[in-house]
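Me: I'd like to learn how to read the inside of a protein model. Can we work through one together?

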Amino acid sequence: MEIAEQMRDEELTSLDQYKRGLEPAPVLYRPEGFKITADNDDPMMFVASEESEDRIGDTIVAAGWDLGNFKKNPVFLYMHDQAFPPLGMWRKVGVEGKQLLASPQWDEVDDFASLIKGKYARGFMRAVSVGFRPMEFEEIPLKEPRQTPFGKISTGLLFKRQELVEISAVPVPAHPRAL
């Protein structure tokens, strides 16, 4: 079994366990967002998620985002690493149309956060990634098997309702609209 199929099988197994009430909802990661041009009020704005098919064949419905708990603790992580101090926090997060938009507030006293902010400001990094817990989803067959960096897959997931857990800075996104 190829790595992509094994990873998908593990994800589907944990999602099935959740559906049957045997396990809590797993946290899934989808590196799909990208930096967009913003106005003077928001010098950095990111599309953290977009309602379109990603490279894995999954789609996250924008209207399905539950942001309640996230807004109580809107941490801005680096590479989904919860053991590493945050880069800052997300001061604005919300759904507009088919996109989840987020604007960061950097911890500019922190040297590492300032270093990463500079990478974004100079265009060397442009992507972010969402970590979320699926609450309602379904498996959907792809029209054609899809080649991923880990091999071919034949099914995608449609996430209809999901809880945002965190948004991270990442150097390599997986969504085709990520720049």
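Reply: Sure. A residue is called buried when its relative accessible area is under 20%, and exposed when that area is over 50%. Keep in mind that this is a predicted model. Take phenylalanine 46: its relative accessibility is 0%, so it counts as buried.

Me: And how much of the chain is buried?

Reply: Of the 179 residues in the chain, 44% are buried. On the outside, the chain exposes about 9,600 Å², with carbon and sulfur atoms supplying 52% of that.

Me: How do I get my bearings in the fold? How many helices and strands are there?

Reply: List the elements, then read their order. This chain has three helices and nine strands, and along the sequence the pattern goes α-β-β-β-β-α-β-β-β-α-β-β. Then look at contacts: among those with a separation of 6 or more, 69% are between residues 24 or more positions apart.

Me: Let's pick one strand. How many residues of β2 are buried?

Reply: Burial can be read for a whole element too. In β2 (residues 45-50), six of the six residues are buried, so the strand is largely enclosed by the rest of the structure.

Me: Which way does β2 run relative to β7, parallel or antiparallel?

Reply: For strand partners, look at the bridges. β2 and β7 (residues 99-106) are antiparallel, joined by four bridges. At glutamate 50 in β2, the residue standing opposite is glutamine 99 of β7.

Me: What about aromatic rings?

Reply: Check the distance between ring centres and the angle between planes; over 60 degrees counts as edge-to-face. The whole structure has 11 aromatic pairs. One of them joins phenylalanine 46 and tryptophan 90, edge-to-face, at 5.8 Å centre to centre with 90° between the planes. This pair bridges distant parts of the chain, since phenylalanine 46 sits in β2 and tryptophan 90 in β6 (residues 88-96), 44 residues apart. Tryptophan 90 has a relative accessible area of 3%, so it is buried. Both rings belong to one aromatic cluster with Phe76, Trp106 and Tyr120.

Me: Which residues touch the most other members of the largest nonpolar core?

Reply: For a core, ask who touches whom, then which elements contribute. The largest one has 29 residues, and Trp90, Tyr120, Leu164 and Ile167 touch the most other members. Elements supplying at least two residues each include α1 (3-19), α3 (111-121) and β8 (127-148). β9 gives the most, with five residues. Zoom in on isoleucine 167: leaving out residues up to four places away in sequence, its contacts include Ala48, Phe76, Trp90 and Ala102.

Key: Residues are numbered from 1 along each chain as its sequence is written. This is a predicted model: local features need pLDDT of at least 70, side-chain atom pairs count only at pLDDT 80 or more; totals for chains, interfaces and linings use all residues. Side-chain values use heavy atoms; hydrogens and water are left out. Buried means under 20% relative accessible area, exposed over 50%, partly exposed in between (1.4 Å probe, protein chains only). Two strands pair if DSSP finds at least two bridges between them. Contact means heavy atoms within 4.5 Å. Accessible areas come from the Shrake-Rupley method with a 1.4 Å probe; for residues, only the protein chains shown count as cover. Rings of Phe, Tyr and Trp (its six-membered ring) pair if their centres lie within 6.5 Å; planes under 30 degrees apart count as stacked, over 60 as edge-to-face and the rest as tilted. A nonpolar core is a set of buried Ala, Val, Leu, Ile, Met, Phe, Trp, Tyr and Cys residues joined through side-chain atoms within 4.5 Å.
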